[in-house]
Amino acid sequence: MKRIALIALLLLMLPAGAGATATAKSFTSLIYDPGKLKPIDSTLKIAPGDKAPDFTLRSVKGDTVTLSSYRHKQNVVISFVPAAWTPVCSDQWPGYNIAKTFFTKHDAVLLGITVDNIPTLHAWTQQMGELWFDVLSDFWPHGAVAESYGVLRSDGTSERALIFIDREGMINSVHISDINIRPSLETVVAGLENLDKGR
Amino acid sequence: MKRLVFLLLPILSVLSLVLPAFSADAPAEKETLPQISLPVPDSEEYRAYLGLKQAPGETFTVNDIDADVLLIELFSMYCPFCQEEAENVNALFETMYDFSKPEFSVKLIGLGANNSAFEVDHFRNTYGVRFPLFPDQDMSMYNALGGKGTPGFIACKKEADSSCTIIHRQSGGFHQPDEFFKELLNKSGYNQ
């Protein structure tokens, strides 16, 4: 009887071994696809040369981040993405996660902002590995920071926007993408390089 | 003995249902790799690795690659799972490289889905990738190959007429380079 039990046990262990090379992570199943959206659905309230609207937002790491705390210290890049758990957004920041070298080269910090709440952002960013930059929640008052920059869409999400702010806290350049398309890494690098021009 | 058979039958029945769910996709019928066209790399090292006769500025097809077994990785610089898998893929490449000989070679290329050349270069530099990577910005190659997420892997075996028969498809990482390499060899029919 012991032998039978042993054989049965070995057979039950078989699938784990047989599937060892094929345990594909089902990450795509977690993503909600909203379909094709209106490319841009807001009116920008800032322009190069303007003072960047200040804000203090909660970070996924647990602390708060104030934009003006970087004034006279570092350049800042704000990456607004529309919503957690959506297709394009979910693979934008993981790309930036391996692009730290470009930000360091131009003495810039990256702040990722969405209008999602902290628990949602926590769960979502956990899927991206350990992010080197702060992810901030513009959840409440809902989208207030996005609204102050003019990137809050009519459905309460934000645009897919990159805001480049110099050390003096002034807007250097702005890139609003078609919400359905991820801005290229070249766009990020060009914005960073532009921060150093005229210094 | 009857008791043994009686006990094992239901277990084997359950296993027959469960095992396919743990397997990577295996083409049911003979499926030939689509003729995707790629730019000839500027790097002489890459051209030598791929065994290309064409010059930079020209294009080549996957059938031109001098390999008995070709593995294509579908990746994206932006995909965290591709980043996580990069070390394993590099290890797999080294295993393939060390194993390959003129009589039988297994080679690897990567296609950066929805990635620009700049983004592919950044991925290559970040992870020290030694095998050729190509941008597939409009995802035409990804779509032609039937990609289903990244990372993804498609392996084919070169036939006498230079066509390449698909022997393995997989969505998601393989995590264990040596095991995966053995699996590819087995599916290629390579006699060790």
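## Exercises on a two-chain model

As a warm-up, note that Glu179(B) is partly exposed, with a relative accessible area of 36%. The model you are looking at is predicted. Let's work through it together.

**Exercise 1.** Find the residue that forms a salt bridge with Glu179(B), and work out how the two are placed in their helix.

*Solution.*
- Step 1: the partner is Lys182(B), and the closest N and O atoms of the pair are 3.8 Å apart.
- Step 2: a salt bridge needs a nitrogen within 4 Å of a carboxyl oxygen, so this distance qualifies.
- Step 3: both residues sit in helix α6 (residues 177-188) of chain B; they are three residues apart, which means a separation of about one helical turn.
- Step 4: Lys182(B) is partly exposed at 45% relative accessible area.

**Exercise 2.** Lys38(A) and Asp41(A) meet in a salt bridge; decide for each residue whether it is buried or exposed.

*Solution.*
- Step 1: the side chains come to 3.4 Å, taken from N to O.
- Step 2: Lys38(A) has 52% relative accessibility, and because exposed means over 50%, Lys38(A) counts as exposed.
- Step 3: Asp41(A) has a relative accessible area of 19%, and because buried means under 20%, Asp41(A) is buried.

**Exercise 3.** Explain which parts of chain A are tied together by Lys45(A) and Glu147(A).

*Solution.*
- Step 1: Lys45(A) and Glu147(A) form a salt bridge, with 2.6 Å between the closest N and O atoms.
- Step 2: Lys45(A) belongs to the loop between α1 (2-18) and β1 (56-59), while Glu147(A) is in helix α6 (residues 144-149), so the pair links parts of chain A that are 102 residues apart in sequence.
- Step 3: Lys45(A) is partly exposed at 47% relative accessibility, and Glu147(A) is partly exposed at 34%.
- Step 4: over all chains, the whole structure holds 11 salt bridges.

**Exercise 4.** Trace the seven-stranded sheet of chain A and name its edge strands.

*Solution.*
- Step 1: the sheet is open, its pairing is mixed, and the strand order is β2-β1-β5-β4-β3-β6-β7.
- Step 2: β2 (64-66) and β7 (171-177) are the edges, each pairing on one side only.
- Step 3: on average, neighbouring strands are turned by 30 degrees against each other, direction ignored.
- Step 4: look at β4 (residues 108-114) and β5 (residues 134-137); these strands run parallel and are joined by four bridges. Thr114(A) stands opposite Ser137(A) in β5(A).

**Exercise 5.** Find the strands that helices α5 and α7 of chain A lie against.

*Solution.*
- Step 1: helix α5 (residues 118-126) lies across β1, β4 and β5, and runs at about 150 degrees to β5(A).
- Step 2: helix α7 (residues 185-196) packs on the sheet and touches β3 (75-80), β4, β6 (160-165) and β7. The direction of α7 makes about 20 degrees with that of β6(A).

**Exercise 6.** State how many cavities of 30 Å³ or more there are, and describe the second largest.

*Solution.*
- Step 1: rolling a probe the size of a water molecule over the atoms shows where empty space is left.
- Step 2: the count comes to two cavities of 30 Å³ or more.
- Step 3: the second largest holds about 50 Å³ of space, and its lining residues include Tyr70(A), Arg71(A), Ile165(A) and Asp166(A).

**Exercise 7.** Summarise the make-up of chain B.

*Solution.*
- Step 1: chain B has six helices and seven strands, arranged along the sequence as α-β-α-β-β-α-β-α-β-α-β-β-α.
- Step 2: of the 192 residues in chain B, 52% are buried.
- Step 3: among contacts in chain B with a separation of 6 or more, 63% are between residues 24 or more positions apart.

Methods:
Residues numbered from 1 in each chain as written. Chains lettered and ligands numbered in written order. Predicted model: local features only at pLDDT ≥ 70, side-chain atom pairs only at ≥ 80, totals over all residues. Heavy atoms only, no water. Buried < 20%, exposed > 50% of the residue type's maximum accessible area, 1.4 Å probe, protein only. Pairing = 2+ DSSP bridges. Axes fitted to C-alpha atoms, helices over the stretch in contact; angles between N-to-C directions. Contact = heavy atoms within 4.5 Å. 1 Å grid on protein atoms, 1.4 Å probe; cavity = no way out; pocket = protein on both sides within 12 Å on 5 of 7 lines; lining within 4 Å. Points joined across faces, edges and corners; volume = space filled by probe spheres on them.
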